[in-house]
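Reader: I should like a close look at one part of this protein, namely its enclosed internal space. Please treat the matter in a single connected account.

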Amino acid sequence: MIVSDQSNLFPNAAENLKDQRVFLGWDQPCLHAIADALINMAQPGALIDLSDTTIVLPTSRAGRLLIPLLLDRVSALGRPCTLTPTSFVSSLPPAPTSPAHVSLASSMACELAWEKVLEEADADIIDALVGNEVDRPDRRWLINSVQTLHEQLTLAMVEPEGIVDIAPIGFQAEDEPRFEAFSLLRAKYCTTLDRCGLADPGLVQTSAIRALEPDNFGRVVLAGVVEMSPMVRKVVDQLGGCVQILVCAPKAYATRFDRYGCVLDTTWCDEPANLNDQMVRVGDSPHDQAMLALRALSELGKTRADDVAIGIADDRVARELALMGPASGVDLRRAVGQRVGETNPWQLLSLLTEFVQDKTPATLAALSRHPDFEQWLTHNGCDAAAAICELDDFRMDRLPHSLNGRWYQHQADVPLSCLRDLSSNLVHELTKLKLQTARTWAEPIRQLMHAIYANREFDERIPTQHRTAIACRAIGQAIDELGQLPDGYAEMCGARGLELVLEACRGTPIATTPARDEVEMLQWLDLAFDPASSVIVTSLNEGLLPAQSSPDPFLSESLRQDLGLMTDRSQAARDAFWLCHMVHSRASCCLIAGRKDAGGQPLFPSRLLLRGKAELIAIRLETFFERTPGNVEQPVGLGQPGTSDKFSVLSCLPSAETPLKISVTAFGSYLRSPREYLMTRLLKLSEIDDDVVELGPMAFGNLLHKTLEQFGLSDIKDSTDSSQIKAYLFEQLEDIAKLNLSSHPMPAVALQLLIAKLRLEYFACWQARRRAEGWQIQNAEWQPTHGEHGPGVLFDVDDEPILLTGKIDRIDKHEKTGAFQILDYKTGNKYEKPQNKHIYKGGWINLQLPLYRHLAQEILQGQPCELGFILLSAQDTDNLLELASWDDDMLDEADATARWVVRQIREGNFAESGVKPADRGVMEDLVTLCIAEAEDEA
């Protein structure tokens, strides 16, 4: 690792390791310089034989690229072995004293051993480890943290009890009981592994390093390795003269590297990178950063794809580039590719794990939407699309909390029942409550994957199918690892076995074959070792470059530095060196920073950009924090995005027929947003809420409406006793809830039912007073009788009547005066007046109450009536009635507006967004997209 000095760690290093550093300069990309140096170091002749040479490079990709560069330089090559520092240490021969019967523990076995040790540890040991002044830590956090501490100390080749001698500065007095507790736990961990015939790989490597003999090795070349763990440094010390160190910098910079060729943070953290303003560019968003990168590509002119590379530190910028590149005429490829954790099989197994852990309608809904699971359902005779729709409707209507008990009232042969039975049977073996040994779960998990993917055929020439096939094989290997754990090693439930499989293969990379015409998007160190002569670096922001590591709960920064482990400062020194190298060694270097992340949160410029003369730093900061950055223009020389293969929202929508009838509430929908009216009323599009935890406003209102409908049809409606009315309403509410909601509803529903009862109690008091005043409920949930065209009344528009439909919540008549009132129940939290609900900025946006006059003519027989709301408020108030104050002229204007709406619908005028379009999720986005597309076409 990058440290100022490590003589305290390796006191004999200066004697064993002479100055064997070779400085290569930085007048060309480092991989070219390394290839030239290796050729010059080899014995001259027709065959350049490097077969006895091990070349250690920072990344595996650098090793793969080095061989072609060597072959370009010589006619015959004895190929060397290329390794990363980690794989180099792993390849060391075991110590002669290592027991032959002991096997290396897998990462899964190590994790389970730590889990067992921590579960069995006494409370005082855990308190000493984490501090007894804090709450008991999360189990998963504790396991991960302790396992990481063990790995870090192993990497540093330090025993817990010996830290105080090695790190006198970073080690604090309060650390002593913590590391004593950890020392006891680690001893039990080693014993646990040993009982199963296993050994920790890191500790085995430590023993191998201490027993290492230089005679067993050929030549070792450390090429461009500017950071080393203490473990790698110890290997270098043991090998002594077998090691050659290639440093990718001029010899004049020798004092800025230690004897291992690693950068010294005391010098590189403050080293100016000789940047000029033409190199540095700033974009406002990830989209702008991607556009700036494409512009930089266009400025390079006709350049071979393999002669330019793009550095990526932010996944969002990479996604923007991947989306924009093809439309701009540039083929881009992420060299890292996908990880198994991003593939369909892994995501499906993750959803199945959640379903096994928590069999709820929510986890079943998420699982059923996975395309591979949906395909499996269809293969097994289930109408997957219908089942998913039924499940969505059921969840929103009945709000079930679990799949147990009477969770739906459908017949056994409906798609939803089929979905439930198939999914439950699929995971049945994994839901057994009995704890079993870890390896026991391997076969049920294998059968689970086999059931879903065994009948699938993959054409690995197709990228998506190639990724799926690779992911299935990786998951299969993780299942094998689970099945190879020793008997009795650990007991767990099926869900934990699934978690172990997921963790074991999540980070496995999926290699892809690059095409010659693709520009590669690389991570930082891969970019430093790419042979391209031009580089474009994005996301030069603090926390991204240099990356910000998570705080270590056990090892402070000063303690890590004393132990020779990576620190934030040492990482910044490494990145500063490679930035300097890129600037000096490349024909073109473009550096791009962003002002905001994908969520709109502000970003800060990287410290790598803020070094050098104060006046230059000031100019750079002024540019970065410019308040009006503006949009980045499309780069000249690249194709315009969207000129081909454009997605059309309008073309995907079905055609709508001119309606023969219209409800009184639909007029308001059109007046607020004609485009939304088309989507929701004519095309019947609706948005599904996939995160239902309580009754929505409409469902809550329907519950109260149904209760009050029963009241309005009963004899109790004429009662003046508020207690009698309340008792009846409460009974009806409970019966309706039992009938319409699940027997195991969401927890929030119980609270909502209490709120509903509170509102009904206020209503009962008001209703009793109103009946005593002479007002009688004449009709409840009333609609016109069935005519020739169905229930409704004909509403004349230009001598072409349209059927007006709807239900009126309540029609009251005064028993003495004969006056009528048409009333509508309102259950919203806001206190709504009819004027505010129907008129907006001087115009009608809702015609529900005015049009009720026409619906009720059968009852009114031409008599006038009042219109109003009954506000089922959550507040106790004497008056729940709010009447409208519209005169005849305003009502005539409402009728004229209704006729205008019918004309517009008949003419197909739906292009306008309206005065108050929807403000909700996907539907709002869809309406906006369609409006924009219609305007573009116009």
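Which residues line the largest cavity?

Author: The model discussed here is a predicted one. The lining of the largest cavity is made up of Val-280, Val-282, Ala-593, Pro-605, Leu-609, Leu-610, Arg-620, Leu-621 and Phe-624. The volume of this largest cavity is about 50 Å³.

By residue character, the lining of the largest cavity comprises eight nonpolar residues and one charged residue, with no polar ones. The charged residue is Arg-620. As for secondary structure, two elements, β10 (280-283) and α26 (614-624), each contribute at least two residues to this lining. The largest share comes from α26, which supplies three residues.

The largest cavity is not an isolated case, for the structure contains three cavities of 30 Å³ or more. The second largest of them has a volume of about 40 Å³. Its lining consists of Leu-153, Thr-154, Met-157, Val-158, Glu-159, Arg-186, Leu-203 and Thr-206. Here α7 (139-155) and α10 (201-210) are the elements that each provide at least two lining residues.

The composition of this second lining is four nonpolar, two polar and two charged residues. The polar residues are Thr-154 and Thr-206, and the charged ones are Glu-159 and Arg-186. Set side by side, the largest cavity has no polar residue in its lining, whereas the second largest cavity has two.

Conventions. Residues are numbered from 1 along each chain as its sequence is written. This is a predicted model: local features need pLDDT of at least 70, side-chain atom pairs count only at pLDDT 80 or more; totals for chains, interfaces and linings use all residues. Side-chain values use heavy atoms; hydrogens and water are left out. On a 1 Å grid over the protein atoms alone, a cavity is a set of points where a 1.4 Å probe fits but cannot get out, and a pocket is an open set with protein on both sides within 12 Å along at least five of seven lines; lining residues have an atom within 4 Å of a point. Grid points are joined across faces, edges and corners, and a volume is the space filled by probe spheres set on the points. Helices (H or I, at least four residues) and strands (E, at least two) are DSSP runs, numbered from the N terminus.
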